[in-house]
Amino acid sequence: MRRVCFTLQVKPELLEEYRRRHARVWPEMLVALRDAGWHEYTLFLRDDGLLVGTLLTDDLAAAQAAMDATDVSARWEAQMAEFFTNGRQLVVLDEVFNLEHQLGELQ
């Protein structure tokens, strides 16, 4: 599996509501994410609205497409769209260091 890291920007004035909504994500959304291939999915939010997400997946494009095909994702995205400054466009970051990979090369 590939580890993916991405960023989004949450509007600073909506940070508390964003946190509140993620404290209890709909159970059907959680199951849909898992079934679509989103594993160990985690979000981190900075006080200025920078949102950093990480997940493990075999294929990010396929995992995104699988979510896009679900009704629950469409409903969730419609409710969450107001929170982001640049729409819901993920900025995927390049991995530049991985401790386990480099340690593995030492053996």
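## Helix H2 and the residue after it

A helix here is a DSSP run of H or I that spans at least four residues, and helices are numbered from the N terminus. In this predicted model, Gly 37 comes just after H2 and takes a positive phi of about 100°.

Within H2 (27-35), the buried residues include Met 29, Ala 32 and Leu 33. Around the axis these residues cover an arc of only 100°, which puts them on the same side of H2. Pro 27 and Asp 35, on the other side of the helix, are exposed. The cover over the buried residues of H2 includes strand S2 (39-45), together with H3 and H4.

## Helix H3 and its cover

Helix H3 is made up of residues 60-68, and Leu 60, Ala 63 and Met 67 are buried in it. When the helix is viewed down its axis, the buried residues fall within an arc of 65°, so they line one face of H3. Ala 61 and Asp 68 lie on the other side of H3, where they are exposed.

Among the elements that cover the buried residues of H3 are two helices, H2 and H4, as well as strands S1 (2-9), S3 (50-57) and S5. H2 and H3 thus appear in each other's cover, since H3 is listed among the elements over the buried residues of H2, while H2 is listed among those over the buried residues of H3.

## Packing of H1 against H4

Helix H1 (residues 15-23) packs with helix H4 (residues 71-80) at an angle of about 160°, and their axes are 12 Å apart. Because angles over 145 degrees count as roughly antiparallel, H1 and H4 are therefore roughly antiparallel to each other. Their crossing is right-handed.

On the H1 side, the contact is made by Tyr 18, Arg 21 and His 22, and on the H4 side by Trp 76, Gln 79 and Met 80. Sorted by class, this contact has three nonpolar residues, two polar residues and one charged residue.

## Asp 94 in the loop after S5

Strand S5 (91-92), which is also among the elements that cover the buried residues of H3, is joined to helix H5 (99-106) by a loop in which Asp 94 is found. The relative accessibility of Asp 94 is 73%, and because the cut-off for exposed is over 50%, Asp 94 counts as exposed.

Asp 94 and Leu 45 are 49 residues apart along the chain, and their C-alpha atoms are separated by 19 Å.

Technical notes:
Residues numbered from 1 in each chain as written. Predicted model: local features only at pLDDT ≥ 70, side-chain atom pairs only at ≥ 80, totals over all residues. Heavy atoms only, no water. Buried < 20%, exposed > 50% of the residue type's maximum accessible area, 1.4 Å probe, protein only. Axes fitted to C-alpha atoms, helices over the stretch in contact; angles between N-to-C directions. Parallel < 35°, antiparallel > 145°, perpendicular 65-115°, else oblique. Left-handed = near helix turned anticlockwise from the far one by under 90°. Contact = heavy atoms within 4.5 Å. Nonpolar A, V, L, I, M, F, W, Y, C, P; charged D, E, K, R; others polar. Arc of directions from axis to C-beta.
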